[in-house]
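Colleague: I should like a close look at a single part of this predicted model. Please describe how one pair of helices packs together, and then turn to the pockets.

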Amino acid sequence: MLLAAWLAVAAEQLTRRPRRPGVASAAALHAAGSAAALALTLTFALEKGWLTVGLALMAPGVAWVAGKRPLPMLRWIAACAAVLVLARIVWEPRIVGTDIGTAPIFNWLLYGYGVPALSFWTAGHLLRRRGDDVPARLVEAAAILFTVLLVFLEIRHAMNGGDIYARHSGLAEIALQVAAGLAIAIGLEWLRVRSGNPVYDVGARIVAGITLVAIIVGLGFVENPLATGEPVGGPFLNLILLGYGLPAMLAIILALVARRTHPMSYRAVSAAIAVALALAYLTLEVVRFYHGPVLTAGSVTDPEQYTFSAVWLGFGVLLLLIGLLLNSKPARLASGAVVTLTIAKVFLVDMAGLAGIWRALSFIGLGLVLVGIGYLYQRLLFPPRPAGQTEDARDRGS
């Protein structure tokens, strides 16, 4: 610590001297030596979680000094502090080993990841005041990484009794991870719109991509209650709402936030995921209504098959109305996809499986909905012309 203080004083004295060849380089070298001595002090004096916290707090401190004394070396030292902390958690992600604690949220994960995340957000803000360069972007990327790790590991810790290395992940954990990933992507998109920072754009894309994989693999197959038979809970406030309903709402919010900042392909994928999750939510809720908490109990009855068709048709009509009100082409395309899926189900499943009144109701309901959709599209694509305009057109034709 004495060496760090001595070198800091030397760097300060050099910055006050008249500009001559070598003075700026000497000041930068002394500043780098001071930071290195401080880092070694923390390494020798502290261990486990306190070392992680101490190294992380170096970043905003060095960034603040860099704002007062604009030596380019100091900006890189702040970025190196972020790299040191990252290397520390790669060595031991639990921060303090088995002493991490079992209390949800308030455990060493909060300090070992939360303090670095807050430190790097602060350091990135201080560095960006004087310019947008590689060190500033590295620190901001570290801030995003530690924020994501904090949220994901806290969820894993809480859902597995403090064991972040647990081999099994249930539906509740995957649902929380997906919801958290979508919420973080929305927050990064919002920051990107306000600041124009490309780091937030890249971070949002990466988080959204990882969350998409979790949705397809985790919610779609591995932890799907139709495949696992895991009890989902009550009629409405249950794991189906947490795993499929909430992510569907967050996915559509993400599509709306990215409406003006991303290409059509990005928005189309977000909208498609939202529609798929909403359709899965409605389908699983129907199964929950007929089978109880365990969705795999019992066989599928004729009323249940008819309810599937009715709910899907209603959802398709709702999407169509939303698309017409918001003038959203993706919503109208999604409506067409849902209605097409329902038509295929009615002809391939209901025709062969339903009997009596249920088959008749299925076809009658489908026919009425298709007639209504045709009427809406006719009004949309071929609106009626005023009488005077029609007569003028006839006169010109004759």
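Modeller: The following account takes the helix pair first and the pockets afterwards.

Two packed helices are described by the angle between their axes and the distance between the axes. Here the pair is α4, residues 72–91, and α6, residues 134–159. Their axes lie 8 Å apart and form an angle of about 30°. Because angles under 35 degrees count as roughly parallel, α4 is described as roughly parallel to α6. The crossing of α4 past α6 is left-handed. On the α4 side, the residues in contact include Arg75, Trp76, Ala79, Val85 and Ile89; on the α6 side, they include Val134, Pro135, Leu138, Phe146 and Leu149. By class, this contact of α4 with α6 comprises 16 nonpolar residues, one charged residue and no polar residues.

The largest pocket has a volume of about 570 Å³. It is lined by 25 residues, and those closest to its centre are Ile252, Ala271, Ala274, Leu319 and Ile322. Helices α10, α11, α12 and α13 each contribute at least two lining residues, and α11 gives the most, with seven. The lining of the largest pocket is made up of 19 nonpolar, three polar and three charged residues.

The second largest pocket holds about 350 Å³ of space. Among its 17 lining residues, Ala8, Ala31, Ser34, Val65 and Leu74 lie nearest its centre. Helices α1, α2 and α3 each supply at least two residues of this lining, which divides into eleven nonpolar, three polar and three charged residues.

Technical notes: Residues are numbered from 1 along each chain as its sequence is written. This is a predicted model: local features need pLDDT of at least 70, side-chain atom pairs count only at pLDDT 80 or more; totals for chains, interfaces and linings use all residues. Side-chain values use heavy atoms; hydrogens and water are left out. Axes are lines fitted to C-alpha atoms, for helices over the stretch in contact, and angles run from 0 to 180 degrees between N-to-C directions. Helices (H or I, at least four residues) and strands (E, at least two) are DSSP runs, numbered from the N terminus. Angles under 35 degrees count as roughly parallel, over 145 as roughly antiparallel, 65 to 115 as roughly perpendicular and the rest as oblique. A crossing is left-handed if the near helix is turned anticlockwise from the far one by less than a right angle, and right-handed if clockwise. Contact means heavy atoms within 4.5 Å. Ala, Val, Leu, Ile, Met, Phe, Trp, Tyr, Cys and Pro count as nonpolar, Asp, Glu, Lys and Arg as charged, and the others, Gly among them, as polar. On a 1 Å grid over the protein atoms alone, a cavity is a set of points where a 1.4 Å probe fits but cannot get out, and a pocket is an open set with protein on both sides within 12 Å along at least five of seven lines; lining residues have an atom within 4 Å of a point. Grid points are joined across faces, edges and corners, and a volume is the space filled by probe spheres set on the points.
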